[in-house]
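Student: I have a protein model open beside its sequence, and I would like to go through it with you one question at a time. Could you help me reason from the atoms to each answer?

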Amino acid sequence: MRSSLIRMLLLFGLFLASSCRAEELPLPRLVIVGQTGSGKSTLSNVLLGQSPDCDNCTFTICDTHDSCTKETTYAVGNWLGGDGEIFTVVDTPGFGDSDNEDTELIDEMMGVLHTVVKGANAVMLLVDGTEERFDAAMQQMIREMQALFGEALWENTILGVSHWAYDANSVNQRNFTGKTEEAFMAEWNELLHTKFHIETTLTGVFIDAWSQQPWNLGDAMQQEAFVRETEKLWKFFESHEEFPFRTIEDVLAENEAYKEENRWLNDVIVN
């Protein structure tokens, strides 16, 4: 009974938050996007200072391969909990369950980002470091975001890598096989450059949310890595101004303004 009441209060709080004006959402703002199973909700909770498998978490976590997050939600809290700086984290639906569902989820996400969130200091493209998939659903999501929000979105985008353990055995295995952080980032940046023709080289953060399990807190190597990578993410926030999420009408108006400016410059040159 108590558990159900707490969950109802959390959901009610998220509902109230969604009705707030965008200017009430504090900066910096982080939007996390990615495929189903990449760990968006888990990471969002950990960044708020909660356990990766907490009960009554701010963002719901599923044990199945299907996405629990069917709507774009957000929360305001302290960075890593405690007395950390206030920030806003936005959790988006997971993509890859089905093509029809993905279309609806993308439309819903785009609408919330524009009408409610308005803008973000960072958009994290979260990928599972243990998988090699970059399927059609993920590519379609990136294309739609790029088309709607413009090429400038990439300047505020950071690549997040989940399920990248930093215990001694995992680190030694990666070093032995050559699957290092540098190699992973080089591969993904090449993939993004080839498929989407972007010029920006993305920065990466390897945040292992599961390092915050009680039995891992005593592992100095894991905790040092967690602190290092979350500090990199926070510094990315601080060094990037808010990126506005625009509508297609905004993009068309901007393009028309560019055309008008080009016509004017052409007249100046000719005359």
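Tutor: Let us begin with a term: nonpolar side chains are joined into a patch within 5 Å, provided that their residues have over 30% relative accessible area and no salt bridge. Please keep in mind throughout that this is a predicted model.

Student: Which residues make the nonpolar surface patch of about 310 Å²?
Tutor: One member lies in helix α8, which spans residues 248–270, and that member is Trp264. Trp264 counts as exposed because its relative accessibility is 55%, and exposed means over 50%. The patch of about 310 Å² is made by Trp264, Leu265 and Val268.

Student: How much of the protein counts as buried?
Tutor: The protein contains eight helices and eight strands, and its accessible surface comes to about 14300 Å², of which 55% belongs to carbon and sulfur atoms. A residue is called buried when its relative accessible area is under 20%. Of the 271 residues, the buried share is 46%.

Student: How many residues of α2 are buried?
Tutor: Helix α2 covers residues 40–47, and Leu47 has its place there. Leu47 is buried because its relative accessible area is 0%, and the buried residues of α2 also include Lys40, Ser41 and Asn45. These buried residues pack against β1, β2, β3, β5 and α7. For the helix as a whole, the number buried is eight of its eight residues.

Student: What separates the C-alpha atoms of Leu47 and Leu80 in space?
Tutor: Leaving aside residues up to four places away in sequence, Leu47 touches several others, among them Leu30, Trp79, Leu80 and Leu233. Leu47 and Leu80 are 33 residues apart along the chain, and yet the separation of their C-alpha atoms is 4.7 Å.

Student: Is the ring pair of Trp79 and Phe237 stacked or edge-to-face?
Tutor: A pair of aromatic rings is described by the distance of the centres and the angle of the planes. The count of aromatic pairs comes to 10. For Trp79 and Phe237 the centres are 5.6 Å apart and the planes stand at 75°, so the pair is edge-to-face.

Student: Where in the chain do Trp79 and Phe237 lie?
Tutor: Trp79 counts as buried because its relative accessibility is 10%, and Phe237 counts as buried because its relative accessibility is 1%. The two belong to one aromatic cluster with Phe87 and Trp234. The pair links distant parts of the chain, 158 residues apart: Trp79 is in the loop between β2 and β3, and Phe237 is in helix α7.

Student: What angle do the planes of Phe184 and Phe206 make?
Tutor: This pair also links distant parts of the chain, with Phe184 in helix α6 and Phe206 in strand β7, 22 residues apart. Phe184 is buried because its relative accessible area is 4%, and Phe206 is buried with a relative accessible area of 4%. The pair is edge-to-face, with 5.9 Å from centre to centre and an angle between the planes of 75°.

Student: Which residue forms a salt bridge with Arg29?
Tutor: The count of salt bridges comes to three. Arg29 counts as buried because its relative accessibility is 5%, whereas its partner is partly exposed at a relative accessible area of 35%. That partner lies in the loop between α7 and β8, 213 residues from Arg29 in strand β1. With N to O at 2.8 Å, the side chain that meets Arg29 is that of Glu242.

Student: Which residues are linked in a network of salt bridges?
Tutor: Arg228 forms a salt bridge with Glu229, the closest N and O atoms being 2.9 Å apart, and Lys232 meets Glu229 at 3.2 Å, N to O. Lys232 and Glu229 both lie in helix α7, three residues apart, about one turn of the helix. Glu229 counts as buried because its relative accessibility is 3%, while Arg228 is partly exposed at 39%. The network therefore links Arg228, Glu229 and Lys232.

Student: Which residues does the disulfide join?
Tutor: A disulfide is a pair of cysteine sulfur atoms within 2.5 Å, and by this rule the count comes to one. Both of its cysteines are buried. The S to S distance is 1.9 Å, and the residues joined are Cys54 and Cys57.

Key. Residues numbered from 1 in each chain as written. Predicted model: local features only at pLDDT ≥ 70, side-chain atom pairs only at ≥ 80, totals over all residues. Heavy atoms only, no water. Buried < 20%, exposed > 50% of the residue type's maximum accessible area, 1.4 Å probe, protein only. Helix = DSSP H or I, 4+ residues; strand = E, 2+ residues; numbered from the N terminus. Areas by Shrake-Rupley, 256 points an atom, 1.4 Å probe, with all protein chains shown as cover. Patch = residues over 30% accessible without salt bridge, like charges linked within 9 Å, V, L, I, M, F, W, Y side chains within 5 Å. Salt bridge = Lys/Arg side-chain N within 4 Å of Asp/Glu carboxyl O. Phe/Tyr/Trp six-rings, centres within 6.5 Å; stacked < 30°, edge-to-face > 60°. Contact = heavy atoms within 4.5 Å.
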